[in-house]
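The questions below ask how some of the terms applied to a structure follow from the values computed for it. Each answer sets a value against the relevant cut-off and then concludes.

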Amino acid sequence: MTELDMAVCCSLSMELLIFLFLVPLILTELYYTKVELGTPAQEFNVQIDTGSDVLWIGCTGCYGCPETTGLQDIQLNAFKPRSSSSASVIKCNNKRCSMGAQYSDAICDNSNNCAYQFQYGDGSGTQGYYISDLLHLETIVGDTRSSNNSAKVIFGCSVAQTGDLTKTDRAVDGIFGFGQQAMSIVTQLSSQGIAPAAFSHCLRGDDNGGGILVLGSIVEPGIVYTSMVPSMPHYNLNLESISVNGRKLPIDSSVFTTSSNSGTIIDSGTTLAYLSEEAYNPFVNAISAAVSQSVRPLLSRGNSCYLITSSVDEVFPQVSLNFAGGASMILRPQDYLLEQSSIAGAPVWCMGFQKMDGQGMTILGDLVLKDKVVVYDLANQRIGWVNYDCSQSVNVSTSTGSNSNMYVNTGQLSDSISSMIPSCKKTLIVLLVLLAAWMSM
């Protein structure tokens, strides 16, 4: 095997869209999508995670990798490097390996192979080595769709897993990291000129599910942007204050200051949302005070819950997360509460935000991110959002240069995609994947 050749294996357009569909969840969300890698192509189901950088797949002989899953309609597969004629092991002297080492995404093993060892926030972990192989793309030219395109990328071949990654109830083949560092597929494709340095998602929060993730910027009126905190490994933002019913909560702004162990992160790999310890109590107290005359308070496993007899939208207040630059993220009750059960036919809603005991981190996961267009503009180091019905069409700018927009209907996108994209004379490189979601108690 040889080292990675960073050249693109074929002539590709400057534009790439990744489309993903979601299935609704009730309590705990896991978003996963299909990717095809290798020669011949092997198909894998991988979790989408903006909180990490690397795409990795469990490889043959992996210790602790599940062989079965509780997820319906999918079968687990292990990547077989020896079965792919285009696969090659990445050595430590590879330039991208050296860049990955700067952000703890790469290390050098005893065989001089570029390797990795990751520990996730839930305590689970994985380790393995990097290989180079083909990521298969789809091309749309006007109304014609082709699957004969691919790009060389570096991804992880996991040989061991620990913690929750070994469990079979929600097991998938790996994780697709959408971070911004050198080992990220987004960074790799943009540095090769194949895709823009931007991606966007719109996750439906209703019972029908659905949604879209694209490489490119969704362009919608009303999107507000705030700058990313520079030189941070994750998507850190400067949260300045929280308001409930338009009233700013008495939280010292220093609580949200960004450091190595504090600050605010946007992370699609996190199901719920978490507030730093100093912000959590004022937040919950303000919500409880606002609904004290309309609900019956309950306590479930230490979590604040509310028995209500009318619509949750009529009872609970609007919440605003206020970021630097005047950008506010408006949360409906469904963006900070979870419907858990019912008592005598009356629904019980519980606080979806959790307390980060002893930590200064605020993490905004899928609970908050759903029903919004969220744009990660990496070229300009900013993130934007707007509340949106994610079953509706979106205007996607996929150009790395001049303004060039495509219209995609996220509620109908399927194998008939080519009939729904307006005819155009440019070539659109598409990695078409399905996104599903799984719920467990």
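Q: What makes strand E22 (residues 319–323) largely enclosed by the rest of the structure?
A: In this predicted model, a residue is called buried when its relative accessible area is under 20%, and 5 of the 5 residues of strand E22 are buried, so the strand is largely enclosed by the rest of the structure. Val319, Leu321 and Phe323 point one way from E22, while Ser320 and Asn322 point the other way, and all are buried.

Q: How do you know that E22 pairs with strand E16 (residues 239–244) and with strand E23 (residues 328–331)?
A: Two strands count as paired if DSSP finds at least two bridges between them. E16 and E22 are joined over 5 bridges in the antiparallel sense, and E22 and E23 over 4 bridges, also in the antiparallel sense, so both cases satisfy the cut-off of at least two bridges. Asn322 takes part on both counts, as the bridge partner of Ser241 and as that of Ser328 in E23. In the hairpin of E22 and E23, which has 4 residues between the strands, Gly325 takes a positive phi near 85°.

Q: Why are strand E15 (236–237) and strand E26 (353–356) said to stand at the edges of their sheet?
A: The open sheet is formed by 5 strands in the order E15-E18-E27-E19-E26, with mixed pairing. E15 and E26 each have a single partner strand, so one side of each is left without a neighbour in the sheet. Helix H3 (residues 277–290) packs on this sheet, where it touches strand E19 (273–276) and E26, and its direction makes about 105° with that of E19.

Q: What makes strand E18 (residues 262–266) and strand E27 (residues 360–364) a parallel pair?
A: They pair in the parallel sense over 5 bridges, and Ile266 stands opposite Leu364 in E27.

Q: Which residues have the most contacts inside the largest nonpolar core, and where does its largest share come from?
A: A nonpolar core joins buried residues of certain types through side-chain atoms within 4.5 Å, and the largest such core has 75 residues, with Phe283, Tyr306, Phe316, Tyr336, Met351 and Phe353 having the most contacts inside it. The largest share of this core, 6 residues, comes from H3. Not counting residues up to four places away in sequence, Tyr336 touches residues including Phe283, Phe316, Val319, Met351 and Phe353. A second, separate core of 14 residues includes Trp56, Ile90, Phe118 and Met183.

Key: Residues numbered from 1 in each chain as written. Predicted model: local features only at pLDDT ≥ 70, side-chain atom pairs only at ≥ 80, totals over all residues. Heavy atoms only, no water. Buried < 20%, exposed > 50% of the residue type's maximum accessible area, 1.4 Å probe, protein only. Helix = DSSP H or I, 4+ residues; strand = E, 2+ residues; numbered from the N terminus. Contact = heavy atoms within 4.5 Å. Axes fitted to C-alpha atoms, helices over the stretch in contact; angles between N-to-C directions.
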